[in-house]
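Thank you all for coming; I would like to walk you through a structure that may be new to many of you. Please take a moment to look at it before I go on.

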Amino acid sequence: MTAVDVKARVVDSVCPYCGVGCALSWVVDTQGNRILEARGRDGAANEGRLCVKGRYGFDYATHAHRLTKPLVRRENAYPKGALSWDDNGPRRPGGPVDPETVLPHFREASWEEALERVGQGLGGIRDTHGGDALAGFGSAKGSNEEAYLFQKLVRAGFGTNNVDHCTRLCHASSVAALLEGIGSGGVTNIVRDIERADVALITGCNPTENHPVAATFMKDAAANGTELLVVNTRRPRIADYAAMYLEIRPGTDVAFYNAMMHVIINEGLTDDAFIAARTENVEAIRENVQEYSPEAVAGLVGVDAERITEAARRFGRANAAMLFWGMGISQHTHGTDNARCLIALAMITGNTGRPGTGLHPLRGQNNVQGASDAGLIPMMYPDYQKVSDPDAQARFEALWGRTLSPEPGRTVTEITDGALDGAIRGMYILGENPFVSDPDVAKVRKALGKLEFLVVQDIFLTETAEFADVILPGSAFAEKTGTVTNTDRRVQVGRQALQPPGEARQDWQIICDIGERIGYPMRYPDVSAVFDEFASATGSYAGLSHAVLGDRGRWYPCPDPEHSEGEPIVFKETFPRGRALLVPARQSPPVEATDAAYPLVLNTGRVLEHWHTGTMTRRSAALHDISPEGFVEIHPDDAAAYGVADGGWVEVTSRRGQIRIRARLRDRVARGSVFIPMHFREACANVLTHPAVDPFGKIPAFKYCAVRVDPVAAE
Ligand code: SF4
């Protein structure tokens, strides 16, 4: 087909990948039902900019691997979870799951038959064993409407609060600390506010790779005079633009930030008027940080006392200082303590409620903020209303017409534990892939394999779908209309550009179909009506609708949607809990110390070109070509000590398993540490990770476990 043959139209939507939430337009070939091109739009978060994923990563939607019909497991099929895995770990060769391997073990079914089986499977377990024998994993890749319906189905239809999603794996500890400290889990200031900051502390994150367009605004700010203080355990590229880069040892964040507060408090750099007016418990912070002088912690943290002092003075003397953090802060067994320190640091210096200040945990997935707002978490209804609050329970019982459980449900890892011990018998998984994304996947494999009934709804045959009894084909982001909420609290409408392939259906309609089959019908004329019900139950979204959001969206809260874009800065006068609660934290040991047998610290994360478990980006031709395989990054000095060559194959082993992977020698990773991205099934980092969780946020310690690296012969 030549260019002149193509009939094209332009659809305004939002990038389906990260939490930056870049507005874009897709140029769609109307005859071929495919996207030809992605163009950046003038959105509040991106001003026309896109990264490589947004610009080139759309072709996964029309990949030949798409699920097009419902599937049911054949009788006498292979053992669950044995196709991409065996007792030695992930099977090779690599790449995303090949349908040719999996499909022979399933047969195509009509929607009628598939939904009937789901109704019998999930409904039967509920009726025999009670609702708490069921659980659901929703998705931060879906829309607010889907998240709202999913948790409503689980709570009102299944009869349990066992509903969670991947926020448990990324920022649950940040949210726990924010809810405790200020009474809200959302960011206080948008990313672009960095342009008005004198100093920005960027810690535990790698925005150039994980929030690429946000990183471009950080670099612009640095060029215009904002001092960047970058703190990390592995040098991120944004450090090239920093006034100071401080490389701390893994797991020493609490000591480092307590030392900064020690300097700020003892040198009189606190904002005493702000402390008096807007905080409580500052005396506990003053007392706690006294033993954490820069001199006392320098050896542990691995940064000279003078540099810790200088960083503290730069932050403390700034008129406006802002804090950004990522999963290097949150994904620890002390992740909540890490975030408590950052909140206290902002509060004792009066850095919130003004331009160029504030707290900004950079959200990972495109709708992890919205999915959490919509109640896709086990202890809270929409808008963070506690399920244990009788008034909230009564409100949602009236709205949903069912008696609801006041017991907080299980989190992601607790659901896995429940499946292992038999308490959880059936699951509904929508758009999640725990067999690659969750810690200690050998344990996850056993848990998924023990379920009596599993329904997976997705667009591809994921590794997790191999365990399913029924697989339902859903729709890709470009095939549906719905809202998503970015890291800035910006609510935007993603609009349908393509038709789902074959018999694949809209996800929100499939959720409602399952509701019908288990005796809890949920009927809406269209997806905007779902949003209206969600907004009516979620005070932060009051006044918003698809019509109001239009093509540009709004920040929530938006008290006057007709005349304003919403609030880019919140909590100017007071916090939702009134005064901010300052909670002292103490340095604690890692979950698994290194030793002679396992001498290196494993840090897991992401790369620019890939996304989560790679189900979408590994099926995008451009992204796959740039980044086709996993790797372990190791410092050249450590590589020399262990006999590892650049590009050579190694085995990485922890107490939970072993993977074979190619080595990259890089001095950006600190001596004594290695880094492995999480996206690659055949070199699955989560074979190695530790399942221990933070006691408050229940988030796993993806950033710290002990491993060893041994060179092996070429593949
Ligand atoms: Fe998409 Fe994030 Fe890249 Fe923007 S920065 S184009 S939202 S992946």
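Let me begin with a convention: Ala, Val, Leu, Ile, Met, Phe, Trp, Tyr, Cys and Pro count as nonpolar, Asp, Glu, Lys and Arg as charged, and the others, Gly among them, as polar. This is a predicted model, in which local features need pLDDT of at least 70 and side-chain atom pairs count only at pLDDT 80 or more, while totals for chains, interfaces and linings use all residues. Residues are numbered from 1 along each chain as its sequence is written.

Turning to the ligand, 13 residues surround it, where a residue counts as near if its C-beta atom, placed from the backbone, lies within 6 Å. The closest are Cys-15, Cys-18, Cys-22, Cys-51 and Gly-54, and the elements that contribute two or more residues to this shell are α1 (52–56) and α8 (212–223); helices here are DSSP runs (H or I, at least four residues), and strands are runs of E of at least two, numbered from the N terminus. By class, the shell holds nine nonpolar residues, three polar and one charged.

For residues 8–65, an unreviewed UniProt entry lists "domain: 4Fe-4S Mo/W bis-MGD-type", an annotation that may be inferred rather than shown by experiment. Over that stretch the chain is 9% helix and 36% strand, with the end C-alpha atoms 25 Å apart.

Finally, the chain is divided into domain 1 (3–62), domain 2 (71–166 + 366–555), domain 3 (172–362 + 577–581) and domain 4 (600–711), with bounds from an automatic or database assignment. The C-alpha centres of domain 1 and domain 3 lie 35 Å apart.
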